[in-house]
Amino acid sequence: MAERGPKDPTDRDRRATPSPNPRDASGRENPWGRAKAGAARAGPTGNAPARRERRGAPRRGDQPDTPPSPWSGPADAERQPGADARAAAALAIHQVRDRGQSLTRVMSQSVLPRPPADRALTQELIYGTLRVLPRLEALVGILLHHPVKPSDRDLEALILVGLYQLTVLGTPPHAAVAATVEAVRLLGKPDKAGLVNALLRRFLREREALLAEADALPSVRWLFPEWLLAALRRDWPEDWEAIVGASNARPPMSLRVNATRTDRRAYAGLLAADGITARPIAGTESGLMLDRPVPAQTLPGFAEGLVSVQDGGAQLAAQLLDAQPGERVLDACAAPGGKTAHILERAGPGLELVAIDSAAARLVPLRENLARLGLNARVECADAAAPRGAWDRPLFDRILLDVPCSATGVIRRHPDIKWLRRATDIAELCALQARILDAIWPLLVPGGRLLYVTCSLLAAENQDQIAAFLARQPQASERAIPIGDGRARPHGYQLLPTDAGSDGFYFALLEKLAP
Ligand SMILES: C[S@@+](CC[C@H](N)C(=O)[O-])C[C@H]1O[C@@H](n2cnc3c(N)ncnc32)[C@H](O)[C@@H]1O
């Protein structure tokens with residue numbers, strides 16, 4: 001995972017729509033108990049209205065936000081190998097799908113199972129299941145005859161995990177079924193173990209026909225919500241199919257070498273000594289892309305601050321801002337601090353940096369990152385849309401504005417965005433971005449530069465936002481972005497997740513003219 005978290009506000013009180021069940025009307029017995037058959041089922045990208053609230057779905061507040069611990073079953077040694085991972089993955093997916101929590105928040109809670117060996121598998125199950133969710137939901141819809149009871153949505157999530165293993169992961173069927181059935185018990189619902197067993201075994205028997213039926217549904221083709229597909233088609237008529245494909249793929253793991261401690265070549269040598277192969281990321285000064293991801297904590301010198309995990313495109317922000325020693329710099333939406341740290345690493349000592357963010361909790365990892373990397377900044381919890389406080393004077397020579405956005409450019413790292421984000425969010429986010437731009441601009445010294453950044457692919461948050469700002473702010477002048485001209489937009493520059501070594505970032509560089 002890159003250091004970058006999904007842009008707020010992915011984490012919301014919202015519930016994904018339930019999965020399609022073409023056989024609701026069959027009238028057959030509901031093995032899950034009494035859920036209202038009228039709670040019509042439609043996948044997130046299905047034909048039925050998207051984002052409809054599931055009738056009878058658990059409301060936030062009905063139950064605690066923290067997932068219940070699944071580790072209340074038999075002692076570790078007696079358990080089916082991997083059952084912990086399945087149960088933990090199911091609970092995490094339940095939190096995202098049914099409680100509207102962002103994956104970043106869910107993963108920061110203690111969802112990962114105790115045995116460290118199960119952690120990588122748990123992450124694979126969570127991220128992979130969310131990537132292909134409509135397909136798995138369609139299969140569940142076909143296999144089940146009725147919607148599940150609200151109180152069994154965790155079990156439905158577990159079935160999705162079971163089907164992910166059988167359709168994508170290639171787990172040997174007997175292992176996948178046995179571990180998933182054991183996980184039913186870990187969820188505290190042993191009476192449903194037989195049902196889950198029967199359902200997964202039916203899938204194995206009728207696999208080809210069931211997959212053909214699921215894949216015929218429009219929601220399954222692109223694994224993307226309709227509204228976002230339409231927006232990408234509109235904004236990227238030539239590239240949208242490739243963007244969707246790249247967004248549904250696993251992301252590479254990219255590193256940023258800490259220039260205050262070592263350099264890229266020397267660090268690549270440390271990696272090689274540990275048997276980890278990596279290549280420089282083109283266009284970056286300190287970026288390395290690993291051939292295979294590894295847990296960050298196992299990277300040589302990670303704890304000592306030699307390196308951070310950060311996408312190659314994200315690394316262009318500090319390069320484009322190009323802050324120099326002796327300058328006063330504001331990072332106005334800074335948490336969790338990936339770009340803050342990079343600005344400091346590039347400039348070395350002598351840079352005065354103020355890092356603010358309105359989310360106090362997100363400042364904790366920012367401070368931890370700076371401490372690990374041996375860097376210093378003034379860190380404040382503050383609202384960039386209404387700046388006030390001792391930190392905002394004197395004026396800044398450089399400002400980084402990495403605004404909250406739709407995060408549509410980082411879906412491959414945060415597949416939950418596909419299911420949590422709504423079409424109506426975009427206008428709200430654009431309004432917030434405009435407020436932040438207008439409020440922060442007066443803090444820039446004449447002759448100073450502001451770099452506006454999003455990890456969005458949508459014109460409304462990017463070139464349209466900058467065009468509107470330039471129109472209402474005569475002192476703002478756009479500077480060329482020296483990346484190349486392949487993705488130059490009418491204003492600013494766009495990286496796409498299809499570009500080698502990069503997530504989908506947008507940059508616009510503005511200079512303040514003398515009054
Ligand atoms: C894209 S993230 C920043 C990522 C960060 N620059 C990095 O590279 O690690 C956007 C940040 O904006 C913050 N934010 C949202 N609204 C804000 C506001 N009104 N004032 C300050 N920060 C805000 C969010 O809490 C979030 O941490």
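In this predicted model, four strands form an open sheet in the order 2-3-1-4, with antiparallel pairing. Strand 2 (278-280) and strand 4 (307-309) are the edge strands. Each of these two pairs on one side only. On average, neighbouring strands of the sheet are turned by 30° against each other, direction ignored. Within this sheet, strand 1 (residues 254-257) pairs with strand 4 in the antiparallel sense. Three bridges link strand 1 and strand 4. Here R256 stands opposite S308 in strand 4.

Parallel pairing appears further along the chain. Strand 5 (residues 328-331) pairs with strand 6 in the parallel sense, over four bridges. D331 stands opposite A355 in strand 6. Strand 5, helix 14 and strand 6 together make a β-α-β unit, and this unit is right-handed. From strand 6 the chain crosses through helix 15 (residues 360-373) to strand 7. This β-α-β crossover is right-handed. Strand 6 and strand 7 (residues 378-381) run parallel and are joined by four bridges. In this pairing I356 stands opposite E380 in strand 7.

Strand 6 thus has pairing partners in strand 5 and strand 7. How many of the six residues of strand 6 are buried? Five of them are, so the strand is largely enclosed by the rest of the structure. The cut-off for a buried residue is 20 or more other C-beta atoms within 10 Å of its own.

The ligand is surrounded by 22 residues. Those that come nearest are C333, S358, A359, A384 and D402. Two elements give two or more residues to the shell around the ligand. These are helix 14 (338-347) and strand 6 (352-357). Both elements also belong to the right-handed β-α-β unit that starts from strand 5. By residue class, the shell around the ligand divides into ten nonpolar, three polar and nine charged residues.

Two cis peptide bonds can be described next, each together with its loop. One joins A335 and P336, with omega of about 5°. P336 lies in the loop between strand 5 and helix 14. This loop therefore falls inside the β-α-β unit made by strand 5, helix 14 and strand 6. Another cis peptide bond joins R393 and P394. Its omega is about -5°. P394 is placed in the loop between strand 7 and strand 8 (396-402).

Backbone geometry also sets apart D322 and A407. Neither D322 nor A407 is a glycine, yet each has a positive phi. For D322 the angle is about 50°. The residue D322 lies in the loop between helix 13 (315-321) and strand 5. For A407 phi is about 60°. The residue A407 sits in the loop between strand 8 and helix 16 (417-420).

Are these two residues buried or exposed? D322 has 15 other C-beta atoms within 10 Å and is therefore partly exposed. A407 has 29 C-beta neighbours inside 10 Å, so A407 counts as buried. The reasoning rests on the count of C-beta atoms: a residue with 20 or more is buried, one with 12 or fewer is exposed, and one in between is partly exposed.

Definitions and conventions. Residues are numbered from 1 along each chain as its sequence is written. This is a predicted model: local features need pLDDT of at least 70, side-chain atom pairs count only at pLDDT 80 or more; totals for chains, interfaces and linings use all residues. A residue is near a molecule or strand if its C-beta atom, placed from the backbone, lies within 6 Å of it. Ala, Val, Leu, Ile, Met, Phe, Trp, Tyr, Cys and Pro count as nonpolar, Asp, Glu, Lys and Arg as charged, and the others, Gly among them, as polar. Two strands pair if DSSP finds at least two bridges between them. Axes are lines fitted to C-alpha atoms, for helices over the stretch in contact, and angles run from 0 to 180 degrees between N-to-C directions.
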